[in-house]
Amino acid sequence: MTPAAVLFDLDGVLLDSRTAIVRCIEHGLRAVGAAVPASAELERFIGPPLIDAFAELAGRERAAVCLAAYRERYAVSSLEETTLVPGAREALAAVAAVVPVAVATSKPHAYAGPLCDRLGLTPHLRAVAGPDLDAPSEAKAVTVARALAALGLAPGADAPLVGDRLHDVEAARANGLRCVGVLWGIGDEAELRAAGADPIVREPSELPAALRL
């Protein structure tokens, strides 16, 4: 049966944000004199709320200062350092031609909206749900519920979430949704399978079939 709608995570699913986010995490850590791990080690922090990443990397007491420095750089650099996942816009357009689509991201809405505009995603979206800047710890499940509401739907609707990390699968489950996992993002197959993503796809072109469209 065709779903009522589809939700997409943003970073790692539609956007390749590795360079932008990692460089800004590095900037945030340097701002407080914290140790800066290798870039590859920082990629695991892409997806969940960054305030938690900075708490782990620099200590809870310095996390807010790190996040402020991160945002200062990210507000400008994200528009230059973020790119589309190859084939993602075409897959999004194919899905949106059949059912309503919204983004549910842990990236603050103040950054997610302009990125969707700049990279040509907005014409295919009914809504972009992301935390306010003053809610850095917002749980992904809350964001997903807000994306559903923006589409006139409630938890338990037939509206799968497309995601690339454990916390996407958990947020979908918390709202009674299934999660389609993708392997071109940050999370690997083991992470997604252990979390319960089903199905799992390897290329954006596989999404319409995986979503039963």
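## Salt bridges

The count of salt bridges comes to 14. The model is a predicted one. Side chains of opposite charge can pair when their charged atoms come close.

One such pair is K140 and D9, whose side chains meet at 3.1 Å, N to O. The two belong to distant parts of the chain, 131 residues apart. K140 sits in helix α7 (residues 140-150), and D9 sits in the loop between β1 (6-8) and β2 (15-16). Both ends are hidden. K140 counts as buried, because its relative accessibility is 5% and the limit is 20%. D9 counts as buried too, at 4%. Salt bridges with shared partners join D9, K140 and D168 into one network.

## Two pairs with exposed or partly exposed members

E56 and R44 form another salt bridge, at 2.6 Å from N to O. E56 lies in helix α3, while R44 lies in the loop between α2 (39-42) and α3, so the pair ties together parts 12 residues apart in sequence. R44 is partly exposed, with a relative accessible area of 46%.

R118 pairs with E80, and their closest N and O atoms are 3.4 Å apart. This bridge links helix α6 (residues 109-118), which holds R118, to helix α4, which holds E80. The two residues are 38 apart along the chain. R118 is partly exposed at 49% relative accessibility. E80 is exposed at 60%.

## The sheet

Six strands make up an open sheet with parallel pairing. Their order is β5-β4-β1-β6-β7-β8. The edges are β5 (127-129) and β8 (200-201); each has a single partner strand, so one side of each lacks a neighbour in the sheet.

## From β6 to β8

Strand β6 (residues 161-163) runs parallel to β7, and three bridges join them. Here L161 stands opposite C179 of β7. To get from β6 to β7, the chain passes through helix α8 (residues 166-174). This β-α-β crossover is right-handed.

Strand β7 (residues 179-182) also pairs with β8, in the parallel sense, over two bridges. G181 stands opposite I200 in β8. The route from β7 to β8 goes through helix α9 (residues 189-195), in another β-α-β crossover that is right-handed. V182 faces a partner as well: V201 in β8. Both faces of β7 are covered. C179 and G181 are buried on one side, V180 and V182 on the other.

## The cavity

The structure holds one cavity of 30 Å³ or more. The volume of the largest cavity is about 240 Å³. Its lining has 25 residues. Nearest the centre lie P48, L50, S106, K107 and P108. Two elements, α3 (50-58) and α4 (60-81), each give two or more residues to this lining. α4 gives the most, with four.

What kinds of residues line the largest cavity? The lining divides into 15 nonpolar, four polar and six charged residues.

## Backbone exceptions

Most residues other than glycine have a negative phi, and most peptide bonds are trans. Two places here depart from that pattern.

The peptide bond from D198 to P199 is cis, with omega near 0°. P199 lies in the loop between α9 and β8. R212 has a positive phi, near 65°, and is not a glycine. R212 belongs to the segment after α10 (207-210). R212 is partly exposed, at 49% relative accessible area.

Conventions: Residues numbered from 1 in each chain as written. Predicted model: local features only at pLDDT ≥ 70, side-chain atom pairs only at ≥ 80, totals over all residues. Heavy atoms only, no water. Pairing = 2+ DSSP bridges. Buried < 20%, exposed > 50% of the residue type's maximum accessible area, 1.4 Å probe, protein only. Right-handed = clockwise from strand over helix to strand, strands pointing away. 1 Å grid on protein atoms, 1.4 Å probe; cavity = no way out; pocket = protein on both sides within 12 Å on 5 of 7 lines; lining within 4 Å. Points joined across faces, edges and corners; volume = space filled by probe spheres on them. Nonpolar A, V, L, I, M, F, W, Y, C, P; charged D, E, K, R; others polar. Salt bridge = Lys/Arg side-chain N within 4 Å of Asp/Glu carboxyl O.
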